[in-house]
Amino acid sequence: MKYIKIRGLLAVFIVITLVMANPLVAQAAAEELSIADAIAIAASKNPEVTSLKLQVDRTNILRDDAADAVTFFSTGQLIVNPEGQMLVNNYEQLTIQLKTLKKQLEAEERRVEKEVVSAYTAALIAANDMETTKLALAEIEQQKKLFDLAQGLGMVSTFDYNSLLSKTEQLEDSLKMQEKQYEASIATLRSLLNQASDWNPVLTSQPAITKYPRQSLATELTRAADQSVAMLAVQTARELEQIKIYWPSFEGKEAYMDQIDRHVTDLEYEKTKRDTYATVEQLYHGMDALEIQINLAQKQLEEKQRDLELKQLKYNLGIIPLRSMQPGAETLESAQNDVTEAELNLKSLQARLAANKANYAYLTGQTVYSKSDWQ
């Protein structure tokens, strides 16, 4: 029995030793999260989506009941009978409500997708910024080691050394800010996916989009007026006021009040349409500019890669060093970092285009998430 206890204690000691040697053993395996999985989870756990689905079912039943009630009256009775007018009015209102709820459900599903894409891409951009800053810090740390040695030999001035320390502090502060931005984006993802506060996913998807094909601006504006989520509420209010022209028929003061209500809803509709047009047009041109930036970033990356090949050849021939104490000197390490930074910059621009596309598609009633935009 004593031997068994000793073996048990030894096993515990081994486990503790392994955990101390590798802290990752003490943690659960990090959960990988693709953009597609994130959208699916968010949609399944969004209470508003579930509520709207139930409301659609309920209104559909009520509309069918109202339709059955209307069939009890002849066409002539529906026109002259006040009770028949009320039944038809109720049926028309329920029809509009059902159509509106279905649109609201579609809009909410698109909104969830848009919010997930926005948070996911924001986290990717922050991660890319962090990686760029870490590269600069690693390079400057190696340079600092050379400076420490050179300063003792009197080869580097105190001013240059202090400048290097100041640059290091600035980069460290930038890194802290970027880490907070990343944490904020992950916190948004946690909320959208209904996850616990200690949930830290590994984002596995990267945007592949470089262009977003669209129709002409005039066509896109027309689509926005018909499909925009911003237009949904004012369009519904306008339709509900329009049916009052026929059911029931008021006179005098009541008729005048109806005219005022219709005029107010018409004005609100026109105002919302103008605001929607302005937003869509701004996004439309913004994405045009972003596509040009991506094209330029691709060319810059190719240029940096060619430059790295040349620097690698020079380094192999002993013409340039791996790193240097002279700021701005031609080195292999700086060429390697330039390529990596160009790659990260391109990825961030693609992430911004994916986020802008999601927002634009949400506003214009189009497909928000497309598998082909990601890898």
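1. Let's start at tyrosine 120. Leaving aside residues up to four places away in sequence, tyrosine 120 touches Leu33, Ser34, Ile35, Ala38, Leu189, Leu203, Thr204, Ser205 and Trp374. Bear in mind throughout that this is a predicted model.

2. Tyr120 also turns up in the largest nonpolar core, which has 51 residues. Along with Val116, Leu189 and Leu193, Tyr120 is one of the residues that touch the most other members of that core. Helices H2 (35-44), H3 (47-70), H5, H6, H7, H9 (252-316) and H10 each put in at least two residues. H10 provides the largest share, 11 residues. As background, nonpolar side chains tend to be buried together in soluble globular proteins.

3. Don't miss the other core, which lies apart from the largest one and has 8 residues. Leu137, Phe147, Tyr161 and Leu175 are among them.

4. Now for enclosed space. A search of the whole structure turns up 1 cavity of 30 Å³ or more, and the volume of the largest cavity is about 50 Å³. Its lining is made up of Val117, Ile209, Ala354, Lys357, Ala358, Val368, Tyr369, Ser370, Asp373 and Trp374. Sorted by class, that gives 7 nonpolar, 1 polar and 2 charged residues. Helix H10 (residues 332-364) contributes the most to this lining, with 3 residues. Trp374, one of the lining residues, is also among the residues that tyrosine 120 touches.

5. On to a pocket. The second largest one holds about 200 Å³ of space. It is lined by 14 residues, and Lys103, Asp226, Gln227, Ser228 and Leu232 are the closest to its centre. Helix H5 (82-152), helix H7 (217-227) and H8 each give at least two residues to the lining. The class split here is 6 nonpolar, 4 polar and 4 charged.

6. How far apart should the ends of helix H8 be? H8 covers residues 229-242, so its 14 residues should span 20 Å at 1.5 Å a residue, and the end C-alpha atoms are indeed 20 Å apart. The buried residues of H8 are Met231, Leu232, Val234, Thr236, Glu239 and Glu241, so two glutamates are on that list. Leu232 is worth a second look: it is buried and also one of the residues closest to the centre of the second largest pocket.

7. Last, a backbone detail. Asparagine 194 has a phi near 55 degrees, which is a positive value in a residue other than glycine. It sits in the loop between helix H6 (158-193) and strand S2 (202-203). Is asparagine 194 buried or exposed? With a relative accessible area of 54%, asparagine 194 counts as exposed, because the cut-off for exposed is over 50%.

Terms used. Residues numbered from 1 in each chain as written. Predicted model: local features only at pLDDT ≥ 70, side-chain atom pairs only at ≥ 80, totals over all residues. Heavy atoms only, no water. Helix = DSSP H or I, 4+ residues; strand = E, 2+ residues; numbered from the N terminus. Expected span 1.5 Å × (residues − 1). Buried < 20%, exposed > 50% of the residue type's maximum accessible area, 1.4 Å probe, protein only. 1 Å grid on protein atoms, 1.4 Å probe; cavity = no way out; pocket = protein on both sides within 12 Å on 5 of 7 lines; lining within 4 Å. Points joined across faces, edges and corners; volume = space filled by probe spheres on them. Nonpolar A, V, L, I, M, F, W, Y, C, P; charged D, E, K, R; others polar. Core = buried A, V, L, I, M, F, W, Y, C linked by side-chain atoms within 4.5 Å. Contact = heavy atoms within 4.5 Å.
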